Amino acid sequence: MDFVELEAIEGLRWSWNAWPTTKNEVSSLVIPLSIMCTPLMQSTELPILPYDPQICTRCAAVLNPYARVDYLSRIWDCPFCYNRNHFPISYSGIGETNLPAELFPTYNAVEYKIDKVDSKFGSNLHLNYGWSNGFSSSNVSLSSMSVGTPRNIGGAGGEVRGFVGPVPAFVFVVDACMVEEELRAVKNELLLVVEQLPENALVGLIAFDAMVRVYDLGFSDCSRVVVFHGGREVSSEQTQQFLGICSTKWGQQQLGKTTVIQKLGFLLPVSECEFNFTTAIEEICSLAVVMPGHRPQRCTGAATSVAVGLLEGCSVNTGARIMIFTSGPATLGPGIVVDSDLSDAIRTHGDLINGHAPNYTKSCSFYNQLSQRLSDASVVLDLFACSLDQVGAAELKGPVESSGGFMMLGGVV
Ligand SMILES: [Zn+2]
């Protein structure tokens with residue numbers, strides 16, 4: 001099989017081009033099984049099924065060729081969570097020689113044309129449509145079926161336009177201690193970026209200096225922010241408590257299931273907060289006074305931790321990015337690189353190697369914990385730093401690398 005050709009049709013790239021069928025096989029894989037999917041890839045060759053997908057009642061995965069099917073009792077085992085699911089009555093004709101299209105071994109990726117829109121998408125209760133067109137015994141040509149059209153689906157954060165699926169979230173974390181000229185440039189770029197995001201993408205905004213300020217983008221009467229002390233380490237639960245977000249426990253979350261996000265202003269679809277976002281961006285400025293002979297007080301670690309806590313609280317387990325824009329080292333709180341007093345020189349490369357950087361180990365251990373939280377919440381961390389000053393990239397390297405983020409460092413003379 002030509003995998004490159006197949007990828008061009010399905011938009012799927014596998015680490016292994018096979019699905020392990022037993023738990024033993026899974027544990028013996030040296031490289032974990034992973035599949036990179038391009039959901040919006042333009043392809044005219046994908047089969048379109050004119051009925052609703054069968055969904056696992058436990059993990060919301062969709063019935064696919066890798067499910068084990070018991071034709072006699074009409075039960076399929078979910079290949080993700082091993083839950084046993086019953087086929088609805090409309091699948092009563094199912095048999096080894098009479099497969100619905102979604103079970104064809106070559107149909108790794110299919111499109112569903114869904115006629116009925118139900119905000120309870122994810123439950124099996126309403127899935128009683130005929131699926132005879134998809135049977136292998138049917139003569140209907142798949143290529144003659146019409147293409148599904150986007151619809152409004154009730155979902156995360158309210159109405160989500162487009163196809164059913166995960167909504168991406170972006171939290172912009174802006175260092176307010178930058179010199180005015182740099183800050184102006186970052187603000188302009190951010191406004192451009194937000195303009196180009198899909199309207200249903202969720203956005204959040206956090207600014208930091210000695211304090212962390214989380215903007216309520218849903219509050220129009222005036223500028224409303226929740227302020228965190230930059231010198232303290234706050235846990236995920238505390239962050240959510242201060243922001244007033246309730247969330248399900250992470251352990252209880254299920255892979256691939258879009259949970260309902262509370263209607264809160266800290267993370268909103270672009271279409272609902274574009275004006276407030278623009279206003280908030282314009283307002284960002286440093287509120288901390290820089291003492292003579294001192295560096296600005298900058299709590300990069302606390303700000304990052306709050307951003308992760310926000311995404312954890314909103315249960316955005318469908319992919320999110322935290323983008324940090326900074327221009328100097330953390331001088332306060334968790335993840336500190338150097339003291340704000342300029343008489344303390346910042347650690348050098350040699351200090352890191354020789355173990356003469358007093359804050360380094362502690363900061364790395366803070367960021368390592370953060371790495372775990374980022375992975376658990378499917379969040380990517382990016383660091384953008386354009387500054388002659390050092391920003392503490394060595395400390396931040398762990399979470400950026402392990403989450404698959406970008407680290408862009410640049411200096412302008
Ligand atoms: Zn399942």
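Strand E16 (residues 379-386) and strand E17 (residues 407-410) are paired in the parallel sense over four bridges, where pairing requires that DSSP finds at least two bridges between two strands. Helices (H or I, at least four residues) and strands (E, at least two) are DSSP runs numbered from the N terminus. The model is a predicted one, in which local features need pLDDT of at least 70 and side-chain atom pairs count only at pLDDT 80 or more, while totals for chains, interfaces and linings use all residues. Residue numbers start from 1 along each chain as its sequence is written.

Within the E16-E17 pair, Ala 385 stands opposite Leu 409 in E17. The chain passes from E16 through H9 to E17 in a right-handed β-α-β crossover; a crossover is right-handed if, with the strands pointing away from the viewer, the path from the first strand over the helix to the second runs clockwise. E16 is also joined to E15 by seven bridges, and these two strands run parallel. Phe 325 stands opposite Phe 384 in E16. The two faces of E16 differ in cover: Val 379, Leu 381, Leu 383 and Ala 385 form the covered face, and Val 380, Asp 382, Phe 384 and Cys 386 the uncovered one. In a regular strand the side chains alternate between the two faces of the sheet.

Helix H9 (residues 393-403) packs with helix H8 (residues 360-376) at an angle of about 20°, the axes being 7 Å apart. Axes are lines fitted to C-alpha atoms, for helices over the stretch in contact, and angles run from 0 to 180 degrees between N-to-C directions. H8 is therefore roughly parallel to H9, the classes being roughly parallel under 35 degrees, roughly antiparallel over 145, roughly perpendicular from 65 to 115 and oblique for the rest. The crossing of H8 past H9 is right-handed; a crossing is left-handed if the near helix is turned anticlockwise from the far one by less than a right angle, and right-handed if clockwise.

Strand E15 (residues 320-326) pairs with E10 in the parallel sense over six bridges, and Ala 169 stands opposite Ala 320 in E15. Seven of the seven residues of strand E10 (residues 169-175) are buried, so E10 is largely enclosed by the rest of the structure. A residue is buried if 20 or more other C-beta atoms lie within 10 Å of its own, exposed if 12 or fewer, and partly exposed in between, with C-beta atoms placed from the backbone. Both faces of E10 are covered, with Ala 169, Val 171, Val 173 and Asp 175 buried on one side and Phe 170, Phe 172 and Val 174 buried on the other.

E10 further pairs with strand E11 (residues 202-208), in the parallel sense and over seven bridges. Phe 170 has Val 203 as its bridge partner in E11, and Phe 172 has Leu 205. The connection from E10 to E11 runs through helix H3 (residues 180-196) and is a right-handed β-α-β crossover.

E11 is likewise mostly covered, with seven of its seven residues buried. Leu 202, Gly 204, Ile 206 and Phe 208 point one way from this strand and Val 203, Leu 205 and Ala 207 the other way, and all are buried. Two bridges pair E11 with strand E14 (residues 268-269) in the antiparallel sense; Pro 269 in E14 is the bridge partner of Leu 202. E11 and E12 run antiparallel and are joined by three bridges, Ala 207 having Arg 213 as its bridge partner in E12. These two strands form a hairpin with two residues between them.

Phe 219 lies in the loop between strand E12 (211-215) and strand E13 (225-229). This residue counts as partly exposed because it has 15 C-beta neighbours inside 10 Å. The C-alpha atoms of Phe 219 and Leu 264 are separated by 9.5 Å, the residues being 45 apart along the chain.

Helix H6 (residues 300-313) has 14 residues and reaches 20 Å from its first C-alpha to its last, close to the 20 Å expected at 1.5 Å a residue; the expected span is 1.5 Å times one less than the number of residues. H6 is mostly covered, 14 of its 14 residues being buried. Ser 315, with a positive phi near 55°, follows H6.

A separate description applies to an open sheet of three strands, which has the order E4-E5-E6 and antiparallel pairing. Strand E4 (68-70) and strand E6 (84-86) stand at the edges with a single partner strand each, so one side of each is left without a neighbour in the sheet. E4 and strand E5 (residues 75-77) pair over three bridges in the antiparallel sense, and Val 69 stands opposite Trp 76 in E5.
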